[in-house]
Amino acid sequence: MQLLDKLAAQLEERRQQGLIRTRRTVESPCGPHLTVDGRDILAFCSNDYLGLAAHPAIVDALREGAARYGAGSGAAHLISGHSRAHAQLEERLAEFAGPYLVESRALYFCTGYMANLAVVTGLAAGDKDTEIFSESLNHASLIDGARLSRTALKVYPHADVEALDELLGTSTAANKIVVTDAVFSMDGDLAPLPELLALCEKHGAWLIVDDAHGFGTLGEHGRGALEHYNLRSPYIVYVGTLGKAAGVGGAFVAAHATVIETLIQRARPYIFTTAAPPALAHALLASLDIIAGPEGRERRLHLSRLVAKWHDGLRLSGWTALPSHTAIQPVVIGANEPTMRAAAALYGQGIWVGAIRPPTVPAGTARLRVTLSAAHSEGDVERLVRAVNALNVQMNAEERTTDGT
Ligand code: PMP
């Protein structure tokens, strides 16, 4: 029992520090209006940015995919798990990202986490003389990829192009890899990709772009951050996730065909795992049709109207709404305890927003992470804005009372 007692004591310590993470069980399909423990909840915490997770055409395609291919793939891609649906999806994704790459090819992964482990370790391996340059706010999966690759790692400050230039300039590594989120998951801002690409070209480095939160939402056709900035290079390695705006699951890497062949041959998170169910790939073909078509454009427009409505309505003092234009809209409160209290108070009113604490965000910047979706109505956002404004006034007043001011 000693081993269990030790774990229990560590958990208790976490609980005492207010750092315990909890889950709620959702009983309805993903969307703004959920049933949670029998209660109706208005949710602003999913990454279903275009509202496609419960889209009837995609759900039908999932059913059709299961009827055609069965429930599971049964094996890894390099054994017998690579189905026609996976192959079709990869072709479509390669076309989708094609204008921004050279000799574009795509590879489908079970999750974005695994895709990121695969690209970072895959590009770093085979060359001992490698250095990775990672942006300070990168997602955990990119950081873990860098750790797993066991190569030299330098972290450059958030969006600091000059600092990166200097680091790249003083590096003697033959294989340089710059790694960045395109849309930062906890801040909602965009990486300066044109400047980063220019630096990579100047110093002969790869640019790995994790567009988990941009794919589907950015660019006129929803092709993501590369379309938004209109960038093109054979040295870009693009990662898009398919469980967020695309509404289904999995992720893809799109890059020059040589990079993709390298990943197939040596990326362990690709080789040593069972391929995702082919039905998911089949459903994703329907999702891509919507994203690229007029309905996708209309959904992106609606989402940008909701973002404007949120900013226009907020009246905050003491708390800071970050200047994000994406669906990710953080409100920084600062300390952990009031942040958790604010999220709990909103939940008490039937509104669910994420509360994010260190170490996910830097110390002293705990925040509410509001995410908007094209499935929200203007009325949903008005209700959220009213609730956040009122809570801000109430908590400021409580603080003044406790201060005795
Ligand atoms: N990259 C970023 C920036 C993310 O936010 C996430 C998921 N939150 C991932 C990668 C991982 O993607 P997935 O959920 O598909 O594993």
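Helices here are DSSP runs of H or I with at least four residues, strands are E runs of at least two, and both are numbered from the N terminus. You are looking at a predicted model, where local features need pLDDT of at least 70, side-chain atom pairs count only at pLDDT 80 or more, and totals for chains, interfaces and linings use all residues. Residues are numbered from 1 along each chain as its sequence is written.

Start by selecting Tyr113, which sits in helix α5. Tyr113 is partly exposed because 19 other C-beta atoms lie within 10 Å (20 or more would make a residue buried, 12 or fewer exposed; C-beta atoms are placed from the backbone).

Next, add the ligand. Its shell holds 14 residues, with Thr111, Gly112, Tyr113, His139 and Ala212 the closest (a residue counts if its C-beta atom, placed from the backbone, lies within 6 Å). Helix α5, residues 112-124, supplies the largest share of this shell, three residues.

Now select Gly112, Tyr113, Ser185, His213 and Thr241, which UniProt, in an unreviewed entry, gives as "binding site"; such annotations may be inferred rather than shown by experiment. They spread over 130 residues of sequence yet cluster in space, with a largest C-alpha distance of 13.4 Å.

Stay on Thr241, in strand β8 (residues 236-241). Thr241 is buried, because 27 other C-beta atoms lie within 10 Å. Beyond its neighbours within four places in sequence, Thr241 contacts Gly112, Ala212, Phe215 and Ala251 (contact means C-beta atoms, placed from the backbone, within 7 Å).

Finish at Phe252: leaving aside neighbours within four places in sequence, its contacts include Leu93, Phe109, Ala115 and Leu242.

Key: Contact = placed C-beta atoms within 7 Å.
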